[in-house]
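Welcome! Take a moment to look over the sequence and turn the structure around before reading on.

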Amino acid sequence: MDALRPTRIERLDQMTLRIEWGDGFSAAIPLELLRHSCPCAYCQGEQVFGTTVMLPLQQYAAGMNELVALEPVGNYGVRARWADGHNTGIYTWQLLRELAQKVEQEKTTHSPDTEDEA
Ligand SMILES: [Zn+2]
């Protein structure tokens with residue numbers, strides 16, 4: 001389980017978060033994607049027994065992709081505080097890892113640098 005814990009989380013720039021893991025994997029995650037993937041019931045809707053009982057309410061707000069702070073939650077994740085005041089989303093290490101892998105995967109499949117070579 002510990003291999004899935006980030007060893008380092010840093011702001012690369014205003015719009016990007018860079019995360020490193022103990023197994024050497026690292027990725028730059030756009031804050032927009034991070035916000036879009038907010039796991040809270042408000043953003044994702046709530047499901048009970050496979051039925052959506054609450055629709056996702058996420059919509060554009062000023063500052064919504066602007067990260068104010070990441071607060072540690074126990075030893076399993078971080079709570080993100082956004083400039084629009086939203087702070088109910090807790091990103092577990094596992095979720096961060098999934099997002100990072102998604103980003104890396106998209107980068108390798110769409111990268112124009114590797115297309116003509118080889
Ligand atoms: Zn949310």
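Which residue is the bridge partner of L17 in β3? The partner of L17 is I29, and the sections below show where this pair fits in.

## Before we start

This is a predicted model, in which local features need pLDDT of at least 70 and side-chain atom pairs count only at pLDDT 80 or more, while totals for chains, interfaces and linings use all residues. Residues are numbered from 1 along each chain as its sequence is written.

## The overall plan

The protein has 3 helices and 8 strands. Here helices (H or I, at least four residues) and strands (E, at least two) are DSSP runs, numbered from the N terminus. Following the chain, you will meet them in the pattern β-β-β-α-α-β-β-β-β-β-α.

How many of the residues are buried? A residue counts as buried if 20 or more other C-beta atoms lie within 10 Å of its own, as exposed if 12 or fewer do, and as partly exposed in between, with C-beta atoms placed from the backbone. By that rule, 14% of the 118 residues are buried. We can also ask about contacts, meaning pairs of residues whose C-beta atoms, placed from the backbone, lie within 7 Å. Taking contacts between residues at least 6 apart in sequence, 31% join residues at least 24 apart.

## The sheet of β1, β2 and β3

Now back to L17 and I29. Two strands are said to pair if DSSP finds at least two bridges between them. In the order β1-β2-β3, 3 strands form an open antiparallel sheet. Its edge strands, β1 and β3, each pair on one side only. Ignoring direction, neighbouring strands of this sheet are turned by 20° against each other on average; the axes behind such angles are lines fitted to C-alpha atoms (for helices over the stretch in contact), and angles run from 0 to 180 degrees between N-to-C directions.

Strand β1 (residues 6-13) and strand β2 (residues 16-21) run antiparallel and are joined by 6 bridges, with E10 opposite R18 in β2. A hairpin of 2 residues links β1 to β2. On to the next pair: β2 is joined by 5 bridges to strand β3 (residues 26-30), again antiparallel, and E20 stands opposite S26 in β3. The hairpin of β2 and β3 has 4 residues between the strands, and G24 in its turn has a positive phi of about 95°. As you trace these strands, remember that side chains in a regular strand alternate between the two faces of the sheet.

## The sheet of β6, β7 and β8

Another 3 strands form an open sheet in the order β6-β7-β8, with antiparallel pairing. Why is one side of β6 (67-73) and of β8 (90-92) left without a neighbour in the sheet? Both stand at the edges and each has a single partner strand, so one side stays free of a neighbour in the sheet. The twist averages 30° from one strand to the next.

Between β6 and strand β7 (residues 77-82) there are 6 bridges in the antiparallel sense. One of the residues to find here is P72, whose bridge partner in β7 is V78.

## A closer look at A83

Where is A83? Look in the loop between β7 and β8. A83 counts as partly exposed because it has 13 C-beta neighbours inside 10 Å. Leaving aside neighbours within four places in sequence, A83 is in contact with G63, E66 and V68. A83 and A61 are 22 residues apart in sequence, and their C-alpha atoms are 9.4 Å apart in space.

Technical notes:
Two residues are in contact if their C-beta atoms, placed from the backbone, lie within 7 Å.
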